[in-house]
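Please read the following explanation alongside the model. It goes through strands, helices, cysteines and backbone angles in turn.

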Amino acid sequence: KQAMFVRKSWDGKKMKPLRPNLLAELKNSVKLKNDIDFATENTRTPSRLLEEATENVIWHTRESNKSSAEVKLRHSAAKSSLFKQRYSPRLASGDIPGAKKRLQLNSMFANNWVLLSSLLEDIALIFNAVRDKGKGKKCLSPLETSESDSSDEEDHERLHTPKRQTKFTPPKFSKNQSMGTLSKPSTPKTPRNATPRIRSRNQTVQKPVNVLEEARMRLHVSAVPEALPCREKEFQDICNFIESKLLDGTGGCMYISGVPGTGKTATVYEVIHYLQQAAENEEIPAFQFIEINGMKLTDPHQAYVLILKLLTGQKTTANHAAELLKKMFCTSGSKRKTLVLVVDELDLLWTRKQNVMYNLFDWPTQKNAKLIVLAIANTMDLPERIMMKRVASRLGLTRMSFQPYTYKQLQLIISSRINQLKAFEEDAVQFISRKVAALSGDARRCLDICRRSTEICELDSKRGVSGLVNMEHVMQAVDEIFLPHNQEQIFLKATIAEFHRLGLEEATIQQIFHQHTALCRIEGLPTPTVSDIMAISSRLSACKLLLAESHAKYLSMRIRLNVSQNDVMYALKQDPNAKNTKF
């Protein structure tokens, strides 16, 4: 390939060929100059190259700003004379309008982006060259030899040929690729034991070591007895009521009342178990059984939600659940099974409007309801005391009262639990039965005293004193359980005193707290705090001596007595610690 030297060949009129000697000298001078430039560029460090590139970008930015300003001035000069008169002073002073300033910034940023992209490409080429040099690749230098091959010249010319500036675009990564590695990540393996499980018990439950330990296990309240003694008549009445409704395909209500620990809930569950076995043998129509407990509900209206969830598995709000249940029980043509609903602790479903109780007692009266409600409470006269007339009338006249156990019945219950296990003396069992029957007739309290007596006897046996549970152990257990609580007694006194002051049978915790504080000061006892008063009310509510609202209301919670005021006054006057109390 021959190089054409235009400046030497042009004589002012036309191009003429050069002499061979002059042409050879020009070629040698050009070649030597290019080799020197290439060697100088290769000997420069990357830091020096970066500084030169930065200076180049700054110079290009200034030039672009000057060129853009000139373009703006030319464009403005081409406008009308009115526009020139209006804006020419501002242009001369350098005050450009806001829109033009934004246009100038946009153009400046676009030019800077192009320069920056070209700078990044040049830096990439420089570092590639330095890396190749570090790997051992030899760079050509005109100081080593005066002549080079034609292929080296072509590579050198290709390296210094100016390139077209292109917009730099960063590499695109897919969603599954990270910036560090472009390879497809591996799918994590599922662990072998993904679902957490409770560790299996290696050792079996230890059997009772002695007679006392076995008796203590049998006397626990949660232990299921083989039979339910002393409630045969109540069992038969409840069974006949439910069976007649199932055979007729109708609904109804039964109100079951009695003091705590008289076997109400246990008898109902025994009846349901008996009827379920009869339904499996096709002796009676099949039915569905669900139960709710007022103690387990945070709000009385949550009863609708729980009933609907147990029936259909659907969970919704209380109002919507009430509408769905009303449609279910009040709409004719339903081919579902009869539903037996047990409502335990009915007194805790009381509200001011009493709409929850009203609906539970009104739905069974519908023609095609197929709903049997068994309502269980601890107060015999609950319908007459707190229920409205429209609610009490729908409850009906089918009522059953569980009387407290007599001492003979309690003695029979203890004997059936022990089941010929020689652990108690006869006098000890008889004393426990008579003591509990005289106070409340609560079978749970009787079992607790017997169980505590066995624990005390076990402690004595470990000390070397062996034998059966005798009167000494029983007396110690009775003193622990029936130890009088002064603060609870004063709270009951304050409650009755506040009822007399207001003329009502209902008061708030805050009102009773003031009466309680005054009584403590009169009797010279320490004054309790608000937290102590709340704890006392909770304990008395658990014993069913009080009926309380939701504890979320705190001091505004209203309470009322679950027993008559005369019974409370009589019980407190019989106590020697409360003899001198005047109401």
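The paragraphs below take the structure one region at a time.

This is a predicted model, in which local features need pLDDT of at least 70 and side-chain atom pairs count only at pLDDT 80 or more, while totals for chains, interfaces and linings use all residues. Residues are numbered from 1 along each chain as its sequence is written, and side-chain values use heavy atoms, with hydrogens and water left out.

Start with the parallel strands. Helices (H or I, at least four residues) and strands (E, at least two) are DSSP runs, numbered from the N terminus. Two strands pair if DSSP finds at least two bridges between them. Strand β1 (residues 252-258) runs parallel to β5, and 4 bridges join them. One of the partnerships links Ile256 to Met400 in β5. In a regular strand the side chains alternate between the two faces of the sheet. Strand β5 (residues 399-402) shows this alternation: Met400 and Phe402 point to one face and are buried, whereas Arg399 and Ser401 point to the other and are not buried. Here buried means under 20% relative accessible area, exposed means over 50%, and partly exposed lies in between (1.4 Å probe, protein chains only).

Helix α10 (residues 302-312) comes next. Its buried residues are Ala303, Tyr304, Val305, Ile307, Leu308 and Leu311. These buried residues of α10 pack against two strands and two helices, namely β2 (287-293), β3 (338-344), α11 (318-330) and α12 (355-362); contact means heavy atoms within 4.5 Å. After α10 comes Gly313, with a positive phi near 80 degrees.

Positive phi also occurs in residues other than glycine. Glu282 has a phi near 60 degrees and sits in the loop between α9 (264-280) and β2. With a relative accessible area of 73%, Glu282 is exposed. Lys370, also not a glycine, has a positive phi of about 55 degrees. The loop that holds Lys370 lies between α12 and β4 (371-377), and Lys370 is partly exposed at a relative accessible area of 24%.

Now to the cysteines. How many disulfides does the structure hold? The count is 0, where a disulfide is a pair of cysteine sulfur atoms within 2.5 Å. For Cys450 the closest cysteine sulfur is in Cys446, 4.6 Å away, so the two are too far apart for a bond. Cys450 is buried, with a relative accessible area of 0%, and Cys457 is buried at 1%.

The next pair of elements is helical. Two packed helices are described by the angle between their axes and the distance between the axes. Helix α19 (residues 486-502) packs with helix α21 (residues 530-542) at an angle of about 85 degrees, and their axes are 10 Å apart. Axes are lines fitted to C-alpha atoms, for helices over the stretch in contact, and angles run from 0 to 180 degrees between N-to-C directions. The contact brings Gln487, Glu488, Phe491 and Leu492 of α19 against Ile533, Ile536, Ser537, Arg539 and Leu540 of α21. The residues of this contact divide into 5 nonpolar, 2 polar and 2 charged. Ala, Val, Leu, Ile, Met, Phe, Trp, Tyr, Cys and Pro count as nonpolar, Asp, Glu, Lys and Arg as charged, and the others, Gly among them, as polar.

Last is an open sheet of 3 strands in the order β6-β8-β7, with antiparallel pairing. Its edge strands, β6 (507-508) and β7 (546-548), each pair on one side only. Between β7 and strand β8 (residues 558-561) there are 3 bridges, and Leu546 has Leu561 in β8 as its bridge partner.
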